[in-house]
Amino acid sequence: MGLIEIELFATLDLVGQAPGGPDEDPDDGFPFGGWQAPLLDKVTEAQIGAAYEGTDALLLGRRTYDVFAAYWPHQQGGEDNEIAALFNRVPKYVASRGDPDLSWAGSTKLGPDLAGSVREIRERHEHIKVVGSLNFVQTLLREQLYDRLDLWIHPIVLGVGKKVFEGGEVPTNVTLLAPPVADPKGTVYLRYGLGEGTPGTGDMSAPDRGVGRDE
């Protein structure tokens with residue numbers, strides 16, 4: 001059974017909408033499209049490239065797919081050739097309620113049972129990458145249909161926009177898989193794995209914790 005890895009670029013207040021460009025998600029008037037671009041540097045770009053190593057399928061929401069399909073087929077041979085070659089080569093699976101244009105080579109629309117379709121894809125591939133696709137990610141979070149959650153937290157606060165956790169979250173334990181990595185501009189890379197069980201609770205004022213006690 002393959003691994004499903006969610007890759008999300010977010011602000012400090014966990015806005016994940018339209019990091020790549022001003023025209024990425026303009027329908028609802030989001031004013032900060034392309035917020036990630038000024039914060040990229042060679043350290044972050046190298047980390048992002050390494051995060052895609054071994055990917056053998058992409059699992060995308062409709063909006064992200066449309067953005068990728070309009071961009072990546074035209075980038076081979078350019079500065080982003082390595083990622084472009086990977087994205088153009090591997091199968092692309094698209095979650096959509098509509099009728100997307102699937103002319104990007106290797107693209108397939110998921111069936112109406114998204115959770116069931118994702119489970120089938122997991123049996124066919126080893127490393128399935130979910131990029132962006134915030135609406136679709138809520139389904140994966142709700143169904144706990146992921147193995148790894150990569151969060152790239154950028155040092156800005158926007159105050160508006162679609163959030164990484166926006167309706168799909170359920171009580172879940174996660175495990176930090178590697179020490180956090182920060183680049184010179186302050187972006188922090190956090191890699192979590194899906195843990196077992198649900199969050200526990202405790203009492204910070206319990207006597208054995210020594211909280212508020214005079215020594």
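## A tour from D150 outwards

Start by selecting D150: at 0% relative accessibility it counts as buried. Here buried means under 20% relative accessible area, exposed means over 50%, and partly exposed is what falls in between (1.4 Å probe, protein chains only).

Before moving on, some housekeeping. You have a predicted model open, where local features need pLDDT of at least 70, side-chain atom pairs count only at pLDDT 80 or more, and totals for chains, interfaces and linings use all residues. Residues are numbered from 1 along each chain as its sequence is written, and side-chain values use heavy atoms, with hydrogens and water left out.

**Stop 1: the charges around D150**

Which side chain meets D150 in a salt bridge? Add R191 to the selection: the two side chains meet at 3.7 Å, N to O. A salt bridge here is a side-chain nitrogen of Lys or Arg within 4 Å of a carboxyl oxygen of Asp or Glu. R191 sits in strand 9 (residues 188-194) and D150 in strand 6, so to speak 41 residues apart, and the pair links distant parts of the chain. Helices (H or I, at least four residues) and strands (E, at least two) are DSSP runs, numbered from the N terminus. Unlike D150, which is buried, R191 is partly exposed at 23% relative accessibility.

Now extend the selection to E5, E7, K129 and R148: with D150 and R191 they are linked in a network of salt bridges. Within it, zoom in on K129 and E5, whose closest N and O atoms are 3.1 Å apart. K129 is in strand 5 (residues 127-131) and E5 in strand 1 (residues 3-11), so this pair ties together parts that are 124 residues apart in sequence. Both K129 and E5 are buried.

For another long-range pair, select D25 and K162, which form a salt bridge at 3.2 Å, N to O. They are 137 residues apart: D25 is in the loop between strand 1 and helix 1 (42-51), and K162 is in the loop between strand 6 (148-154) and strand 7 (174-176). D25 is buried at 6% relative accessible area, and K162 is buried at 18%. The whole structure has eleven salt bridges.

**Stop 2: rings**

Keep K129 and add Y52: K129 lies over the face of that ring, 5.2 Å from its centre. For a charge to sit over a ring, NZ of Lys or CZ of Arg has to be within 6 Å of the ring centre and within 35 degrees of the ring normal. K92 does this too, with its charged end over the ring of W104 at 4.4 Å from the centre.

From Y52, select F68, Y71, W72 and F87 as well; ring pairs link these five residues into a cluster. Rings of Phe, Tyr and Trp (its six-membered ring) pair if their centres lie within 6.5 Å; planes under 30 degrees apart count as stacked, over 60 as edge-to-face and the rest as tilted. That rule gives nine aromatic pairs. In one of them, F30 and F32 have centres 6.2 Å apart and planes at 70 degrees, so they are edge-to-face. F30 is buried at 10%, while F32 is partly exposed at 36%. F68 and W72 are also edge-to-face, with centres 6.4 Å apart and planes at 85 degrees. F68 is buried at 13%, and W72 is buried at 12%.

**Stop 3: helix 2**

Stay with F68 and show helix 2 (residues 62-71), where T64, Y65 and F68 are buried. Looking down the axis of helix 2, the buried residues fall within an arc of 100 degrees (taken from the directions from the helix axis to the C-beta atoms), so they line one face of the helix. What covers them includes strand 2, helix 3 (81-89), strand 3, strand 4 (107-109) and strand 5.

**Stop 4: the nonpolar cores**

Select I6, L8, L59, L110 and V118: these have the most contacts inside the largest nonpolar core, which has 26 residues. A nonpolar core is a set of buried Ala, Val, Leu, Ile, Met, Phe, Trp, Tyr and Cys residues joined through side-chain atoms within 4.5 Å. Which element gives the largest share of this core? Helix 5 does, with five residues.

Center on L8. Beyond its neighbours within four places in sequence, L8 is in contact (heavy atoms within 4.5 Å) with G132, L134, V137, L149, D150, L151, W152 and V164. Apart from this core lies another, of 24 residues, among them Y52, W72, W104 and L158.

**Last stop: two backbone oddities**

A18, in the loop between strand 1 and helix 1, has a positive phi near 45 degrees without being a glycine. Finish at Q144, in the loop between helix 5 and strand 6, where phi is positive again at about 50 degrees, also in a non-glycine.
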